[in-house]
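User: I'd like a close look at one part of this model rather than a tour of everything. Could you pick a spot and work outwards from there, in plain language?

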Amino acid sequence: MSPSSATSRARELLGVGSLTNKALRTWLHGLPGVDQVGIEARAAALATRSIKTTSKEWAIDTAIGMIDLTTLEGADTPGKVRSLCAKAKLPDPTDLGTPQVAAVCVYGDMVHIARESLGDSGIHVAAVATAFPSGRASLAVKLADTKDAVRAGADEIDMVIDRGAFLAGDYRLVFDQIAAVKEACARTGDEPDAHLKVILETGELATYDNVRRASWLAMLAGADFIKTSTGKIQPAATMPVTLLMLEAVRDWRELTGELVGVKPAGGIRTSKDALRYLVMVSEVAGDDWLTPQRFRFGASSLLTDLLLQRQKLRTGVYSGADYVTID
Amino acid sequence: MSRLEVRKTYKLYIGGAFPRSESGRSYEVMSSGRAPKFLANAAQGSRKDIRDAVVAARSAVKGWSGATAMGRGQVLYRVGEILEGRREQFVAEVASSEGLTRPQAAKVVDAAIDRWVWYAGWPDKLAQVLGNLNPVAGPYFDISAPEPTGVVGILAPQESSLLGLVSVIAPAIVSGNTVVVVASEDRPLPAISLAEVLATSDVPGGVVNIVTGRTAEVAPWLAAHRDVNAIDLAGATAVPWGELEAAAADTVKRVVRPAGTGTDAVEPDWFATPDLSRTRAFLETKTVWHPKGQ
């Protein structure tokens, strides 16, 4: 979708002649306000479900298959990325029945290494781009960053929105940037385009209302996924924020028929948390989202805990860090 | 004016905090003797409490084993001071728990405090006594030094609720191990008071974790837990300890068998002067070869 087609579709959806900042503002501020107490209570209530053993087995395997195994450190080395890829392909060497993760998420300059290590395993390479994590760079730099990662073989691009522009009310700028990055994700010929995940960095958006608006704005501009956080800002993914975004993708489907994915990232470390998120996905968005194509966990240490729980279910005894690979 | 009785429902001691059992259960603790009297309610820990306790113990290993030996000794000596300050409380609890007269209980408590202080002197001496400079046929310094094994599971003695308890916890932690203790099933009160002593001392949270409950229910989970490095079966009197040892063997744990020669565990005489065997049981030996010049 080119920026102009994104714009024309947005014009159609908003029912306006030209997509001005004012038109976007009217539309986004016309979304219903979020009941803070209500959404937090709902998220807390969904976290209390009891998951019995057979469901837990399914949920653990499903959660492993939804992980974007992530390393986004300044100290990332080619060796670190290779070992992460090895873990992505074979999470638990003691049980070859363990599912693979969905993707490996790295910085753009590490894409070719991840691509090479993952080979034809079917695991996607996701790259963060657009001056991650702050997003403070000119559009030209952001587009170059994106194209570079796409050229190196990234299957998915995790972009950050310009929170400064969003908070200043410059919605049109945010829209244009997302649409332009989306275009930069395109590939020529038969090769599939890179999927675009749009990071809202909800920890910097200050209010739930802003999270709802940013979600709709990102979907309007062509996001394939909306993602909570970079993982570099606290708070990162929380249950209420993810709940809100799941509501947004559900409502977006009613409006347009399109299915947009959701990716909570950062701060999800235990299997218990992951299972709670899956309950929420099923209850709020629906079971159509219970697939790696529509729901992902951005995490690194979560995988280790899921493997420990998986071993516990398989062997009947509690496991420990000595029995999983170090990453 | 008569006072309303303050009835107590104690909790577990895990990671420096006092959580209720995950299961929400508790059980009645009665006094020993001819006419058992209700003493208090204790939390009835479950396998998930054991799991949480092991997680807490594991995360405390680095800090506790990394502390200087001198520092560990001082921290443990401070526990001895607080025990002394709570002497009266322990005497009352040991008397009611074990069915002893007050003078008998006082003797037990004194021995327990002395035992703790005795072990508190050991951290900075273990390496000298158990370590060695090995003579080898080559130009090397060859040094063996003791290191803690990690997380130790302990089934506390069932009969000796304080002296026995101290005699199994202290030797495990002096060297830098952290412990998950299953307290005496019928006599848990001194263990709970010891937890309160530890919580107000300088011992970091997670170094000692105390779970009260049914030994036969939780012991197999502790013995089979793959993140536990060693287990002391001192209190495995009502459960077949051979099975626990077999479960522990699956993950090559170090095992300290209960006293006695048969399949039934018996309690040793805890008043006997200890040696280093219990401490040594939870140590690994690291040997370093270092080239030396002529």
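Analyst: Let's begin with A:Thr242 and the residues around it. Setting aside neighbours within four places in sequence, A:Thr242 is in contact with A:Thr228, A:Ala237, A:Val262, A:Pro264, A:Tyr277 and A:Met280. Keep in mind that this is a predicted model. Is A:Thr242 buried or exposed? A residue counts as buried once 20 or more other C-beta atoms lie within 10 Å of its own, and A:Thr242 has 26, so it is buried. A:Thr242 and A:Ala126 are 116 residues apart in sequence, and their C-alpha atoms are 20 Å apart in space.

Now zoom out one step. A:Thr242 sits in helix α11 of chain A. In the loop between β6 (225–227) and α11 you'll find A:Pro235. The peptide bond joining A:Gln234 to A:Pro235 is cis, with omega about -5 degrees. That's worth a pause, as most peptide bonds are trans.

What does α11 have to do with the inside of the model? The largest nonpolar core has 103 residues, and A:Val104, A:Val198 and A:Ala218 have the most contacts inside it. Helix α11 (residues 239–256) of chain A gives the most to this core, namely 9 residues. A second, separate core has 84 residues, among them B:Leu76 and B:Val79. As a rule of thumb, nonpolar side chains in soluble globular proteins tend to be buried together.

A:Val104 shows what being well connected looks like. Leaving out neighbours within four places in sequence, A:Val104 touches A:Leu69, A:Leu84, A:Cys85, A:Ala88, A:Ala114, A:Leu118, A:Ile123, A:Val125 and A:Ala126. You've met A:Ala126 already, as the residue whose C-alpha is 20 Å from that of A:Thr242.

A:Ala218, another of the best-connected core residues, is one of the buried residues of α10(A). That helix covers residues 208–220, and its 13 residues reach 18 Å from first C-alpha to last, close to the 18 Å expected at 1.5 Å a residue. How many of its 13 residues are buried? The count is 10, so α10(A) is largely enclosed by the rest of the structure. Besides A:Ala218, the buried ones include A:Arg212, A:Arg213, A:Ser215 and A:Trp216. After α10(A) comes A:Gly222, with a positive phi near 110 degrees.

The loop between β5 (195–199) and α10 of chain A holds A:Ala206. A:Ala206 has a positive phi of about 75 degrees although it is not a glycine. Most residues other than glycine have a negative phi. A:Ala206 has 11 C-beta neighbours inside 10 Å, so it counts as exposed.

Helix α7 (residues 139–151) of chain A makes a nice contrast. It also has 13 residues and an 18 Å reach, close to the 18 Å expected. Its buried residues are A:Lys142, A:Asp145, A:Thr146, A:Ala149 and A:Val150. Seen down the axis of α7(A), they fall within an arc of 130 degrees, so they line one face of the helix. Why can residues that are spread along a helix share a face? An α-helix has 3.6 residues a turn, so residues three or four places apart point the same way. The buried residues of α7(A) pack against α6 (111–118), β3 (124–129), β4 (156–160) and α9 (171–184) of chain A. Turned away from that buried side are the exposed residues A:Ala140, A:Val141 and A:Arg151. Following α7(A) is A:Gly153, whose phi is positive, near 110 degrees.

Finally, look at the loop between β3 and α7 of chain A, where A:Pro133 is found. The bond from A:Phe132 to A:Pro133 is cis, with omega near 0 degrees. A:Ala131 lies in this loop too, and it has a positive phi of about 55 degrees although it is not a glycine. With 16 C-beta neighbours inside 10 Å, A:Ala131 counts as partly exposed.

So, back to where we began: A:Thr242 is buried, and α11, the helix that holds it, gives the most residues to the largest nonpolar core.

Methods
Residues are numbered from 1 along each chain as its sequence is written. Chains are lettered from A and ligands numbered from 1 in the order in which they are written. This is a predicted model: local features need pLDDT of at least 70, side-chain atom pairs count only at pLDDT 80 or more; totals for chains, interfaces and linings use all residues. A nonpolar core is a set of buried Ala, Val, Leu, Ile, Met, Phe, Trp, Tyr and Cys residues joined through C-beta atoms within 7 Å. A residue is buried if 20 or more other C-beta atoms lie within 10 Å of its own, exposed if 12 or fewer, and partly exposed in between; C-beta atoms are placed from the backbone. Helices (H or I, at least four residues) and strands (E, at least two) are DSSP runs, numbered from the N terminus. Two residues are in contact if their C-beta atoms, placed from the backbone, lie within 7 Å. The expected span of a helix is 1.5 Å times one less than its number of residues. The arc is that of the directions from the helix axis to the C-beta atoms.
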